[in-house]
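Biologist: I am new to this structure and would like a close look at a single part. Please walk me through the pairing of helices and the charged contacts around it.

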Amino acid sequence: MSHRSSEFDAVCGNVHTQSHRFPKQWAASSNNYLQAARRHCRQAWWLRSAVGDECRTVNKKRAEQSGAVNYALRERVAETNNLYRSLRSSLVATTSELEELAMARQQVLRELHDNRARKRRTEQCLLNRTQRPAREALRDTAEVMLEHELTKLQETIDMQAVSVREIEARTSKLQKLKKALESDLLDKKQALEVDLGTLQMH
């Protein structure tokens with residue numbers, strides 16, 4: 001053995017190697033990383049696909065739900081608006097009828113007042129007839145007509161008094177109904193404003 005070989009052997013015998021892996025082992029580690037990366041990438045793609053499908057399904061359902069909500073709100077707005085218009089029209093008619101009843105009551109009261117005055121005059125006329133001299137007292141056509149007039153006046157007065165009571169009772173009912181209509185009309189107006197605002201917000 002030459003002197004140079006002896007020196008080489010002496011040097012190599014004293015050196016510690018840095019790795020105990022063989023080339024296949026070295027490549028296997030990287031290949032494992034590659035396989036794991038491909039596997040995780042496939043799983044990530046499947047996950048993304050599933051999430052994307054789920055998002056599209058959710059968005060579709062949300063759009064359908066949103067459309068259904070908007071449709072329901074528009075229906076409610078339309079129905080409330082129709083009721084509001086009907087209530088307003090009914091309130092106008094009720095107010096007008098109350099005014100007509102008030103005028104009718106005033107007219108009947110005036111006629112009732114006049115008929116009571118006529119009745120008092122007729123009663124006074126009959127009383128005056130009793131002041132005729134005893135030998136002149138008689139039941140003539142004038143007296144009979146005065147008595148008939150008094151009877152008819154009393155019948156008219158009774159009828160007109162009933163009419164006044166009926167008008168007042170009807171007026172009281174219409175006044176209560178008017179208040180209910182006004183309250184309901186105000187509620188419908190507020191509900192309509194809320195639903196229109198909700199529809200715009202949605």
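Modeller: What follows goes from the nonpolar cores to the salt bridges. Keep in mind that this is a predicted model.

Start with the largest nonpolar core. It has 6 residues: Leu-98, Leu-101, Val-108, Val-164, Ile-167 and Leu-174. Helix 2 and helix 3 are the elements that give two or more residues to this core. In general, nonpolar side chains tend to be buried together in soluble globular proteins.

Take Leu-98 as one member of that core. Leaving aside residues up to four places away in sequence, Leu-98 touches Thr-171, Leu-174, Gln-175 and Lys-178. Of these names, Leu-174 also belongs to the largest core.

Another core lies apart from the largest one. It has 5 residues, among them Tyr-84, Leu-87, Leu-91 and Leu-181.

Now look at Ala-72. This residue is found in helix 2, which covers residues 23-129. Is Ala-72 buried, partly exposed or exposed? Its relative accessible area is 43%, so Ala-72 counts as partly exposed. Along the chain, Ala-72 and Leu-199 are 127 residues apart. In space, their C-alpha atoms are separated by 9.6 Å.

Next come the charges. Side chains of opposite charge can pair when their charged atoms come close. The structure holds 10 salt bridges.

One of them joins Arg-129 and Asp-140, with the closest N and O atoms 2.7 Å apart. This pair links distant parts of the chain. Arg-129 sits in helix 2, while Asp-140 is in the loop between helix 2 and helix 3 (141-201). The two are 11 residues apart.

Arg-139 has a partner too. Its side chain meets that of Glu-147 in a salt bridge, at 2.6 Å from N to O. How exposed are the two partners? Arg-139 has a relative accessible area of 55%, so it is exposed. Glu-147 has 28%, so it is partly exposed. Glu-143 joins in as well: Arg-139, Glu-143 and Glu-147 are linked in a network of salt bridges.

A further salt bridge connects the side chains of Asp-184 and Lys-188, at 2.8 Å from N to O. Both residues lie in helix 3. They are 4 residues apart, about one turn of the helix. Asp-184 is partly exposed, with a relative accessible area of 28%.

To recap, helix 2 and helix 3 each give two or more residues to the largest core. The salt bridge of Arg-129 and Asp-140 ties helix 2 to the loop between these helices.

Terms used. Residues numbered from 1 in each chain as written. Predicted model: local features only at pLDDT ≥ 70, side-chain atom pairs only at ≥ 80, totals over all residues. Heavy atoms only, no water. Buried < 20%, exposed > 50% of the residue type's maximum accessible area, 1.4 Å probe, protein only. Salt bridge = Lys/Arg side-chain N within 4 Å of Asp/Glu carboxyl O. Core = buried A, V, L, I, M, F, W, Y, C linked by side-chain atoms within 4.5 Å. Contact = heavy atoms within 4.5 Å.
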